[in-house]
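Trainee: Please give me a close look at the interior of this model, in one connected account. I should like each term to come with its cut-offs.

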Amino acid sequence: MRYIVIGAGAVGGVIGGRLAGSGHEVVLVARGAHFEALRDHGLRLRVPEGELVHRLPVADGPGVLGELRPDDVLVLAVKTQDSTAALQAWAAVPVAGGGTAAERLPLFCAQNGVESQRLALRLFRRVYGVCVWLPSTYVEPGIVSAAGSPLTGILHLGRHPQGADETARLVAADLEKSHFEAPVVADVARWQYAKLLGNLGNALEAVTGPVADEQATALLRRVRAEGAAVLDAAGIAYASAEEQQAVRGDKVTLVPLDGTPRGGGSSWQSLTRGTGTIEADYLNGEIALLGRLHGVPTPLNELLQQLANTFARERRVAGSMPVGELVRRADEALAGTP
């Protein structure tokens with residue numbers, strides 16, 4: 001199988017680089033300065049064993065690839081706010097032997113949140129969810145890093161909306177030869193909703209910096225408790241913290257990487273790169289949406305969603321709001337909740 005990684009940033013770049021390193025055929029899809037750096041200098045993948053350089057085919061869209069192959073696997077790894085454009089760009093691409101990518105090829109959504117699979121299923125017949133447990137960083141064009149050891153990450157795979165099949169098992173086998181653990185599960189959404197609760201802190205980290213003191217930690221607990229209350233009210237199942245810990249154990253332990261300080265997660269990285277957009281609408285905003293649908297107030301997640309979007313739109317410096325100021329606003333939001 002050939003893997004076409006649509007969005008070769010922190011997650012996509014690491015997955016693509018690791019697959020290429022174990023001998024699999026990979027095409028990276030990127031935009032702008034990142035595309036140019038990958039094209040001119042290759043993918044620089046910084047991992048605990050050192051910096052690996054992979055010179056791989058790179059595209060800035062489907063046009064340069066021509067007809068796709070029947071054995072291609074599409075890996076969607078853009079931020080969710082970019083999913084619709086990417087899906088529309090790739091759905092109608094012809095596949096050798098007849099039909100289109102949307103009709104014939106499997107699409108794996110390796111992204112935070114839970115919305116992209118629904119967006120994909122409007123166009124693609126074969127959609128797979130991926131619960132991405134992969135600490136990785138992309139802040140400089142052409143360079144991605146992943147500090148996990150002994151495994152780079154754990155990627156639960158399954159059909160969307162449910163089920164498992166031979167394609168998922170084949171992809172999982174390739175990933176497991178590439179420094180990942182890749183359990184194939186029939187209920188991948190349950191793992192993704194658990195990861196969603198974990199990602200509710202992304203906006204907090206983006207606004208105030210890495211969660212490092214008791215004030216920030218206490219606020220994060222309240223934000224996640226609000227999210228769990230919403231999922232419970234909606235009747236949405238999610239893996240427990242104990243179940244997640246049993247699977248992860250110490251398999252993905254972060255180690256220092258030379259020249260690669262880890263300042264924050266995916267939302268912090270978006271602000272640091274000055275992209276002008278952020279994924280908060282599909283993380284904290286997912287909780288806000290479900291809260292409105294099921295009658296559960298979500299003032300903390302609404303506040304973080306609004307602040308993260310403001311920081312992205314105005315290109316504010318990541319982590320520039322004092323934690324005390326955010327806690328004050330959070331208390332005001334709670335006080336104003338009916």
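Mentor: A search of the whole structure turns up zero disulfides, a disulfide being a pair of cysteine sulfur atoms within 2.5 Å. Cysteine 109 is in no disulfide, and the nearest cysteine sulfur, that of cysteine 131, is 13 Å away. Cysteine 131 is likewise in no disulfide, with the sulfur of cysteine 109 as the nearest one at 13 Å. Cysteine 109 is buried at a relative accessible area of 1%, and cysteine 131 is buried at 2%. Buried here stands for under 20% relative accessible area, exposed for over 50%, and partly exposed for what lies in between, with a 1.4 Å probe and protein chains only.

The model is predicted, so local features need pLDDT of at least 70 and side-chain atom pairs count only at pLDDT 80 or more, while totals for chains, interfaces and linings use all residues. Residues are numbered from 1 along each chain as its sequence is written, and side-chain values use heavy atoms, with hydrogens and water left out.

The empty space inside comes next. The structure holds two cavities of 30 Å³ or more. A cavity is a set of points, on a 1 Å grid over the protein atoms alone, where a 1.4 Å probe fits but cannot get out; lining residues have an atom within 4 Å of a point. Grid points are joined across faces, edges and corners, and a volume is the space filled by probe spheres set on the points.

The largest cavity encloses about 80 Å³. Its lining consists of Tyr3, Ile15, Leu19, Val75, Phe108, Ala110, Val130, Leu155, Leu157, Val171 and Leu175. The elements that give two or more residues to this lining are α1 (10–21), β7 (107–110), β12 (153–159) and α6 (166–176). Helices (H or I, at least four residues) and strands (E, at least two) are DSSP runs, numbered from the N terminus. The lining residues divide into eleven nonpolar, no polar and no charged. In this scheme Ala, Val, Leu, Ile, Met, Phe, Trp, Tyr, Cys and Pro count as nonpolar, Asp, Glu, Lys and Arg as charged, and the others, Gly among them, as polar.

About 40 Å³ lies in the second largest cavity. Gln111, Asn112, Gly113, Val130, Cys131, Val132, Gln192, Lys195 and Leu196 line this second cavity, and β8 (127–133) and α7 are the elements giving two or more residues to the lining. Here the division is four nonpolar, four polar and one charged. Val130 thus appears in the lining of the largest cavity and in that of the second largest cavity, whereas Cys131 is named in the latter.

Leucine 196, another of the residues lining the second largest cavity, sits in helix α7 and is buried, with a relative accessible area of 0%. Not counting residues up to four places away in sequence, leucine 196 touches Gly113, Tyr282, Leu283, Glu286 and Ile287; contact means heavy atoms within 4.5 Å. The C-alpha atoms of leucine 196 and glycine 227 are 8.8 Å apart, with these positions 31 residues apart along the chain.

Two of those partners, Glu286 and Ile287, are among the buried residues of helix α12 (residues 284–294), which also include Asn284, Gly285, Ala288, Leu290 and Gly291. The buried residues of α12 pack against α5 (115–121), α7 (188–199), α8 (201–208), α9 (214–234) and α13 (299–313). Glycine 295, with a positive phi near 70°, follows α12.

Helix α9 contains leucine 219, which counts as buried at 3% relative accessibility. Leaving aside neighbours within four places in sequence, leucine 219 is in contact with Leu204, Leu326, Val327 and Ala330. The C-alpha atoms of leucine 219 and valine 327 are separated by 6.9 Å, although the two residues are 108 residues apart along the chain.

A further buried residue is serine 136, at 6% relative accessible area, in strand β9 (residues 136–140). A polar atom of the serine 136 side chain lies 3.3 Å from the backbone oxygen of alanine 10.

Finally, the backbone has two cis peptide bonds to note: one joins serine 149 and proline 150, with omega about 5°, and another joins histidine 160 and proline 161, with omega about 10°. Proline 150 belongs to strand β11 (residues 148–150), whereas proline 161 lies in the loop between β12 and α6.

Note on methods:
1 Å grid on protein atoms, 1.4 Å probe; cavity = no way out; pocket = protein on both sides within 12 Å on 5 of 7 lines; lining within 4 Å. Polar contact = N/O pair within 3.5 Å; in protein donor to acceptor, adjacent residues only side chain to side chain.
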